[in-house]
Amino acid sequence: MNAKATSYTAPDLAADESEESGDELFEHFHVTADRGQGMLRLDKFLTTRLENTSRNRIQAAADAGNILVNGKPAKSSYKVKPLDQISIVLPYPPRELEIIAENIPLNIVYEDADLIVVNKEAGMVVHPGHGNYTGTLVNALTYHLQGLPLFEAGDMRAGLVHRIDKNTSGLLVVAKNERAHAFLARQFYDHTIRRIYHALVWGNFDEDEGTVTGNIARHATDRMRMAVYPPDGPVGKHAVTHYRVLKRLGYVTLIECRLETGRTHQIRVHMESIGHPLFNDERYGGDRILKGTTFSKYRQFVENCFALMPRHGLHALSLGFVHPSTRKEIYFESEYPADFAACLAKWESYTAARSDIERDK
């Protein structure tokens, strides 16, 4: 029997960065049944072949259409035959940790029996990790959803199918049961989730829209950073970011980013790779003046903008996906948080004032 697993989770970062990951949380396995395989239910077969995978998780994956046998969806009761080619997409396996349920206010955009959509504030870590065992989104969800089986086992990634960076604001969907968890994971694997980010970046663009394609992996010398590698090379994971200019503000630009993939720091490192780091992104060089004049008034203006939005300028604006139960597409959009909106307004006023001066000359 041949078994091969491909993990689509974040690479290990330095300890204090482990909570900041933008990767999607699922795994893809491929199993070939032996030539002498006897007739055995699919769920029993996979339980014995896959580590840390309960029969309940496999049945939920089958119900969600996440198990293919010879290229076709199969039920848990399917009888495995010799040389069957079986592929399965599963949410990331549980990682147990003592989760402290904390009554932390959440901005809940939508909730039903299957899922919850949260508008995360900048500064909140998504799940517990080294140095961040409390105050995270999972701590808050464990309190809010106490009593649900998925949130009782102390799983530090309970219900998560994707993450956004600590200092990125915006929308996240979290599953409330195994079936929804598996169904949402499949959509992330198939890249059918619709995700739009708005980013404030340094510099102006020659074109109104474009695409950045480049593999993403950990930086060769700096464990706290990711880096972009050739798309046809052996290093890193395939990553594609589409962008479109929304507002040209002289020395900075507001852009829309649409993700085909969900790699760690994808937008941040892709934009840095084409010479447009996110505004005030300390990890990728955007926390210093990269464009503009040498006048002290301008320097003070930028410093004031940094103080107004003391984190990188990235907001997960919208999220669209097919609902696990209704099988209809639902879509959510969030407003800019106060710091992002205030910084953007300041740049708009600055640009308008410069235009007035130029016009009066």
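This is a short tour of the model, stop by stop, with what to select and what you will find there.

**Before you click**

This is a predicted model, in which local features need pLDDT of at least 70, side-chain atom pairs count only at pLDDT 80 or more, and totals for chains, interfaces and linings use all residues. Residues are numbered from 1 along each chain as its sequence is written, and side-chain values use heavy atoms, with hydrogens and water left out.

**The whole chain**

Start with the protein chain in cartoon view: its secondary structure comes to seven helices and 18 strands. Those are DSSP runs numbered from the N terminus, with helices being H or I of at least four residues and strands being E of at least two. Now color by accessibility. Of the 361 residues, 52% count as buried, where buried means under 20% relative accessible area, exposed means over 50% and partly exposed is in between (1.4 Å probe, protein chains only). Contacts, here and below, mean heavy atoms within 4.5 Å. Among those between residues at least 6 apart in sequence, 70% join residues at least 24 apart.

**Helices H1 and H2**

Select helix H1 (residues 42-49) together with H2: they pack at an angle of about 125°, with their axes 9 Å apart. The axes are lines fitted to C-alpha atoms, for helices over the stretch in contact, and angles run from 0 to 180 degrees between N-to-C directions. H1 and H2 are therefore oblique to each other; angles under 35 degrees would count as roughly parallel, over 145 as roughly antiparallel and 65 to 115 as roughly perpendicular, with the rest oblique. Their crossing is right-handed, meaning the near helix is turned clockwise from the far one by less than a right angle (anticlockwise would be left-handed).

Show side chains next. Asp43, Lys44, Leu46 and Thr47 in H1 meet Arg55, Ile58 and Gln59 in H2. By class, that contact has two nonpolar, two polar and three charged residues. The nonpolar class is Ala, Val, Leu, Ile, Met, Phe, Trp, Tyr, Cys and Pro, the charged one is Asp, Glu, Lys and Arg, and the others, Gly among them, are polar.

**Helices H2 and H4**

Keep H2 (residues 55-63) and add H4 (residues 178-189): their axes come within 8 Å and cross at roughly 55°. This pair is oblique too, and the crossing of H2 and H4 is right-handed. Here Asn56, Arg57, Ala60 and Ala61 in H2 meet Glu178, Arg179 and Ala182 in H4. Sorted by class, the contact has three nonpolar, one polar and three charged residues.

**Thr142**

Jump to helix H3 (residues 137-144) and pick Thr142. Is Thr142 buried or exposed? Thr142 is buried, with a relative accessible area of 10%. Leaving aside its neighbours within four places in sequence, Thr142 is in contact with Ile99, Ala101 and Phe151.

**Helix H5 and the loop beyond**

Select H5 (266-273), which is mostly covered: six of its eight residues are buried. Those buried are Gln266, Ile267, Arg268, Val269, His270 and Met271. Just after H5, Gly275 takes a positive phi of about 85°.

Carry on into the loop between H5 and helix H6 (296-308), where you will find Asn280. Asn280 is not a glycine, yet has a positive phi of about 65°. At 11% relative accessibility, Asn280 counts as buried.

**Cysteines**

How many disulfides does a search of the whole structure find? The search finds zero, a disulfide being a pair of cysteine sulfur atoms within 2.5 Å. Try Cys305: the nearest cysteine sulfur, that of Cys343, is 4.5 Å away. Cys305 is buried, at 0% relative accessible area. Cys257 is also buried, with 0% relative accessibility.

**Strand E17 and the turn-off at Arg327**

Last, select strand E17 (residues 314-322) and pick out Leu317. Leu317 counts as buried at 10% relative accessibility. Beyond its neighbours within four places in sequence, Leu317 is in contact with Leu171, Ile196, Tyr197, His198, Phe332, Glu333, Ser334 and Tyr336. Draw a distance from the C-alpha of Leu317 to that of Glu335: the two atoms are separated by 7.0 Å, with the residues 18 apart along the chain.

Finish in the loop between E17 and strand E18 (329-333), at Arg327. Its phi is near 60°, a positive value in a residue other than glycine. Arg327 is partly exposed, with a relative accessible area of 46%.
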